[in-house]
Amino acid sequence: MESNPATTRAHRKKGGLLKRFWRSIRGPLANSPIVRTMIVGLITQFFRLVHVTNPRLPGSSDLEDMKRGGEPFIAVAWHGQHLMAPFLMPRGVRFVAMFSKSKDAELNARVAERFGVEIVRGSGGRERARGTEKGGARALLALKKALKEGKTAAMIADIPHGTPRESGIGVVLLAKLSGRPILPICYLTSRRKVLEKSWDKTTIPLPFGKSGLIVGDPIFVPEDADDAMLEAKRVELTNSLNANTVRVHELVDGAA
């Protein structure tokens, strides 16, 4: 059946009007404390549903594996694969997480706070100068203090809108300053939605599937590490996260 040109034009006009209407209201909605609270509440409940309906697959790492390098530690994941982090800590572990100061990270930070996560603002940074410009230096010092107090630190390795799946130097600097090990963590659910157009291909975990968790070997950074050693450890962390991302995909998708 051929489409009616007049009907098609009417649908396009209606669609254009709806888009313009949404663009006109999304700013005020995003700035409304009531709307933000509602959205955060919905996301929090959604993640709880994901957690309880995605049992861990055999072959996954045990949460207690994270303690094998000693406590506290620095838990690290890739951007876009970190959304379930509050559920990936051993029982009794207190942890503090770094979130960037960008508006994009604000919603994630509010959700994390709902799960009892202490928040530090800053940026991991690929270079020390860049990290300092974004408040990274202050954030690293705050995380170092938290580690000294016995809290585990959670960070994202790659840099917002930088090169995905390539670690910045901030995590490595924190390991040097604190003397605590880096724990690479990779988590995946069998049912998921990948946002292909996002810079980091954010993966949204979905309910009613299976989940896999791979915890990499602890990475220690000597307190006297020079620039060459820091770079070597940055590459080691990148390789570990990428290798274990492949492993968790094989575990989850192979069992699907």
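A residue counts as buried when its relative accessible area is under 20%. By this cut-off Phe47, at 8% relative accessibility, is buried in the predicted model described here.

Phe47 is also a good place to begin with the aromatic side chains, of which the structure holds 2 pairs. The ring of Phe47 pairs with that of Phe46: the two centres are 5.9 Å apart and the planes stand at 50 degrees, so this pair is tilted. Phe46 itself has 28% relative accessibility and therefore counts as partly exposed. In the other pair, Phe87 and Phe115 meet edge-to-face, with 5.0 Å from centre to centre and 70 degrees between the planes. This pair links distant parts of the chain, 28 residues apart. Phe87 sits in the loop between E1 and E2, whereas Phe115 belongs to the loop between helix H3 (103–114) and strand E3 (118–121). With 15% relative accessibility, Phe87 counts as buried.

Turning to the interior, the largest nonpolar core comprises 34 residues. Ile74, Val76, Leu143, Met155, Leu174, Ile182 and Leu237 have the most contacts inside this core. At least two core residues come from each of strands E1 (74–77), E2 (95–99), E4 (152–156) and E5 (182–189), and likewise from each of helices H5 (136–148), H6 (170–178) and H7 (227–255). H7 gives the largest share, 6 residues. Leu237 shows how such contacts spread along the sequence: beyond its neighbours within four places, this residue touches Val76, Ala157, Ser167, Val171, Ile182, Pro184 and Ile219. A second core, separate from the one above, has 26 residues, among them Phe73, Ala75, Met89 and Tyr187.

Technical notes: Residues are numbered from 1 along each chain as its sequence is written. This is a predicted model: local features need pLDDT of at least 70, side-chain atom pairs count only at pLDDT 80 or more; totals for chains, interfaces and linings use all residues. Side-chain values use heavy atoms; hydrogens and water are left out. A nonpolar core is a set of buried Ala, Val, Leu, Ile, Met, Phe, Trp, Tyr and Cys residues joined through side-chain atoms within 4.5 Å. Buried means under 20% relative accessible area, exposed over 50%, partly exposed in between (1.4 Å probe, protein chains only). Helices (H or I, at least four residues) and strands (E, at least two) are DSSP runs, numbered from the N terminus. Contact means heavy atoms within 4.5 Å. Rings of Phe, Tyr and Trp (its six-membered ring) pair if their centres lie within 6.5 Å; planes under 30 degrees apart count as stacked, over 60 as edge-to-face and the rest as tilted.
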